[in-house]
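Biologist: Please put the model on the screen, and let us go through its charged pairs and its sheet, with the cut-offs stated as we go.

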Amino acid sequence: KSIDKATIARLFEAASPKMKTYIALSLNCAWYQKDIATFRTEHLIDGYIVRDRNKTGVPTRFKLWKITKELLKKNANGSKKSGLVFEGRNGKALLHPNSSGKGRTDAIRSEFWRLCKSLKIEGVTYSHFRDSVATYVESVAAELTSKILGHSDKRLARFYVEQGAAAVDEKLDALIDQL
């Protein structure tokens, strides 16, 4: 489910500085909460994020928007010890097992839920940011949808084997600029 631009603007405007950073990363890189929670400082390379996607292990490379870079610079709070770009309360990961051990605590989802509630926005979940990116990319350059989403298919595997994990894809970079 895609989020319309007006709703994204309302959410972004009312968000805390950290949540603005999470939203920017999700829209810039088509990321879920887990991608943000496992984002490490070593993934930042010359204005790009270069890393394997958590779910599929597919190498990805995202050109960062100016605003994403600025927000990261202001709001990253990870420690050298953890290597994470972001940490939750008391130095915990943004996603971690809850105290009962039967589930997990998701700091991003919780903050996003409170933001939506404060704005009286219903039916929108954090994963809809990724859906919004996918919808846009599909409409303007369908051949890049799997690449920006980090899907594991044979065409992507061949691209990265032939070009290398940090391969430059100028068409993808231009598309990210359009987002």
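Biologist: Which side chain meets that of E143 in a salt bridge?

Modeller: This is a predicted model, in which local features need pLDDT of at least 70 and side-chain atom pairs count only at pLDDT 80 or more, while totals for chains, interfaces and linings use all residues. Residues are numbered from 1 along each chain as its sequence is written, and side-chain values use heavy atoms, with hydrogens and water left out. A salt bridge here is a side-chain nitrogen of Lys or Arg within 4 Å of a carboxyl oxygen of Asp or Glu. With 2.4 Å from N to O, the partner of E143 is K171.

Biologist: How many residues apart in sequence are the parts that this pair ties together?

Modeller: Helices (H or I, at least four residues) and strands (E, at least two) are DSSP runs, numbered from the N terminus. K171 lies in helix α9 and E143 in the loop between α6 (128-141) and α7 (145-149), so the separation in sequence is 28 residues.

Biologist: Where does helix α9 lie with respect to the strands, and at what angle to β3 does it run?

Modeller: Helix α9 spans residues 170-178 and lies across β2 and β3. Contact means heavy atoms within 4.5 Å, and axes are lines fitted to C-alpha atoms, for helices over the stretch in contact, with angles from 0 to 180 degrees between N-to-C directions. On that convention, the angle of helix α9 to β3 is about 50°.

Biologist: Which residue forms a salt bridge with D173, and is that partner buried or exposed?

Modeller: The closest N and O atoms of the pair are 3.6 Å apart, and the pair links distant parts of the chain, with D173 in helix α9 and its partner in strand β3, 112 residues apart. Buried means under 20% relative accessible area, exposed over 50%, and partly exposed in between (1.4 Å probe, protein chains only). D173 counts as buried at 8% relative accessibility. At a relative accessible area of 11%, likewise buried, the partner is R61.

Biologist: Which residue of strand β3 does D177 pair with?

Modeller: D177 lies in helix α9, and its salt bridge ties together parts that are 114 residues apart in sequence. D177 is partly exposed, with a relative accessible area of 45%, and its partner counts as partly exposed at 26% relative accessibility. The N to O distance is 2.9 Å, and the partner is K63.

Biologist: In what order do the strands of the open sheet come?

Modeller: Two strands pair if DSSP finds at least two bridges between them. Two bridges join β1 to strand β2 (residues 48-52), which run antiparallel, with I45 opposite Y48 in β2. The edge strands, each pairing on one side only, are β1 (44-45) and β3 (59-63). The three strands, with antiparallel pairing, therefore come in the order β1-β2-β3.

Biologist: Which residue in the loop between β1 and β2 has a positive phi although it is not a glycine?

Modeller: The phi in question is about 50°, and the residue counts as exposed at 73% relative accessibility. Its place is in the loop between β1 and β2, and the residue is D46.

Biologist: What is the nearest side chain of opposite charge to R130?

Modeller: R130, found in helix α6, is buried yet has no salt bridge. The backbone oxygen of A30 lies 2.5 Å from a polar atom of the R130 side chain. Lys and Arg count as positive and Asp and Glu as negative, with His and the chain ends not counted. On that count, and 5.1 Å away, the nearest side chain of opposite charge is D35.

Terms used
A polar contact is a pair of N or O atoms within 3.5 Å; within protein, one must be able to donate a hydrogen and the other to accept it, and residues adjacent in sequence count only if both atoms are side-chain atoms.
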